[in-house]
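Me: I would like to work through this structure by question and answer, with each reply reasoning its way to a value or a name. Please begin with whatever convention is needed.

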Amino acid sequence: MSEVRVRFPPSPTGYLHIGGARTALYNWLFARQHRGTLVLRIEDTDEERSTQASIDGIIDGLNWLGLDWDEGPYFQTEHAADHVAAAERLLVAGRAYKCFCTREELEQKREQALAEKRDPGYDGSCRNLSAADIATREAQGQAAVIRFKVPERSGTLFYDDEVLGRIERAYSEIEDFVIVRSNGKPLYLLSNVVDDIRDRITHVIRGQDHMTNTTRQVLLYEALEAPLPVFAHIPLTLDIQKRKISKRSHGEVVAVQFYRERGFLPWALCNFLALLGWNPGTEQEFFSREELTKTFSLARINRANSVFNFRPGDEKFFTDPKLIAINEHYLRNLEREELGTLVQPVLEQAGLWQPAYADERRNWYLDTLLLIRDRFHTLNDFATAGRAYFSDNYSIDPKPLARNILKHPQLTEWLPELAARFAKLTDFNSETTEALCREMAAELDIKPGILINAMRTVLTGQLAGASMFDILASLGQDTVVRRLSTVEHLYAS
RNA sequence: GUCCCCAUCGUCUAGUCAGGUCCAGGACACCGGCCUUUCACGCCGGCAACACCGGUUCAAAUCCGGUUGGGGACGCCA
């Protein structure tokens, strides 16, 4: 039984996006499940578009997601000599040939073919050049690319895809493709195969957009006399208009980085991504790493493409609502200490962190997070909607201000009075404050809700929140008294 | 234009390979209710789909053919 070896080969031409992350996740799950090896290989043969920033971004993204690899990162350009050597071998074996057609000629033919609604593929002009002809052209200094010579066979070529079943394509439909540029640099189709052979890749798990590449690469494996890996083409992630998701046309919402910045939990994203195109066949939707690793299987990957349901410009659907729901689930179920650890950097970045939260106020800090997390969607909410718990410098939302404060001008007297009474409490807790508050409401002959909602608004700035008296206990007597004592400024403008 | 892939609620999907247990199940979203000082959680309920046509069969979401629709590829990009 041979070892499972898979790879994730991003091209560093942009950030890591949702689709790429899912491909990485599926490879990672498959590797971990089989106790195999995941190779990270940076496919940087496109020198014009490859950037160091992209490489860093991709690695950062994978690290954040917790998708670790066992070998690499390898860089494809470092093996360019291997790729060219393979091409030379194919040339010698008569499995490839030099083509002197210029880019301009090819471009022109392609456009013309498309305009006439004909097949735009290469017409094979240089396929049967004589040795003398080639020598002459080379002597003249004409540049040549190397093309793979697709065998003249009747019938169809096929491979058995783990997701899609048998895929067939007629030999006659496959055109002679370029494997080495005229400047001597190898191209993806070739490099990718040579590297996969060298890295002893056993399973190629990649997007369905590679299917036509695969049929050509199957030919390359054969010509290079290497065993074929197992192919698994996973469905594509589409936007709501059913367009393939790409960094260029969709911007940041499809970037993994975006979710990190917005306070999503990395495993929530993984869990969501796992379910986008795959399902366990049971009704389970939340998985730990271990559970997912155990349950995942290529055979249960969906054949149809899936839609990543986000609506640009829509605040509520700024990303797929299911992803938000999954994130909320994890946020609510995170263990106390882990939650504390994850929220810390968010508070730090907002300037709300205090060293005491790691020390003498640790308990208060963790209790407070537990108290307020139920209504939050992301980690960032702790620093925004939850700001009043960590700082006196917070703003009051207009909606609760109008509804709970401005509507009752007498609160300018009631709230300071309430503060005064709170100040006298010797045991300030949720029970004593509630009793006191209800007592005062009865005296004034008003509904307790008026005082309670007014307090919520003044103390947290928010329309919604946890049980008010728990909030009071969390905030503490001093803060509560201070904030309730002067409220006139709220009526200012 | 050619080739390849795909087709179940708005979205993610179960069910398709081994036809009947499916007048199609779950989740998210949405709507209503309960709870409640608010909001949320939670709980209860609701709306909502087998693309179409034909064939095979006692029986089709499931098998076959066609149509339509969607996607991908057709680069000296990866």
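Reply: Helices are DSSP runs of H or I with at least four residues, and they are numbered from the N terminus. The model is a predicted one. With that convention, residues 266-275 form a helix that includes P266, and its name is α10.

Me: Leaving out residues up to four places away in sequence, which residues does P266 touch?

Reply: P266 stands in helix α10, and its C-alpha is 18 Å from that of F318, a residue 52 places away in sequence. Once residues up to four places away are set aside, the residues that P266 touches are W64 and L65.

Me: How many disulfides does the count come to?

Reply: A disulfide requires two cysteine sulfur atoms within 2.5 Å. For C101, which is buried at 13% relative accessibility, the closest cysteine sulfur is that of C126, and because the separation is 3.6 Å it is too far for a bond. C270 is likewise buried, with a relative accessible area of 1%. The count of disulfides comes to zero.

Me: Which helix gives the most residues to the largest nonpolar core?

Reply: The largest nonpolar core holds 112 residues, and Y259, L269 and F390 are among those with the most contacts inside it. The helix that gives the most to this core, with nine residues, is α1 (residues 18-33).

Me: Which residues does Y259 touch, not counting those up to four places away in sequence?

Reply: Y259 is one of the residues with the most contacts inside the largest nonpolar core. In general, nonpolar side chains in soluble globular proteins tend to be buried together. Beyond its sequence neighbours up to four places away, Y259 touches I18, W64, V253, F264, L269, F308, T319 and L323.

Me: What percentage of the atoms of RNA strand B that come within 4 Å of the protein do sugar and phosphate account for?

Reply: RNA strand B is surrounded by 68 residues, with D46, R181, T212, N279 and R375 the closest. Among the atoms of the strand that come within 4 Å of the protein, the share of sugar and phosphate is 73%.

Me: Which element gives the largest share of the surface near RNA strand B?

Reply: Individual polar contacts with the strand include a polar side-chain atom of K322 that lies 2.8 Å from a base nitrogen, and a backbone N or O atom of G277 that lies 2.5 Å from a phosphate oxygen. Among the elements that give two or more residues to this surface are α4 (103-115), α7 (211-223) and α12 (321-333). The largest share, four residues, comes from α12.

Technical notes:
Residues numbered from 1 in each chain as written. Chains lettered and ligands numbered in written order. Predicted model: local features only at pLDDT ≥ 70, side-chain atom pairs only at ≥ 80, totals over all residues. Heavy atoms only, no water. Buried < 20%, exposed > 50% of the residue type's maximum accessible area, 1.4 Å probe, protein only. Contact = heavy atoms within 4.5 Å. Core = buried A, V, L, I, M, F, W, Y, C linked by side-chain atoms within 4.5 Å. Near = heavy atom within 4 Å. Polar contact = N/O pair within 3.5 Å; in protein donor to acceptor, adjacent residues only side chain to side chain.
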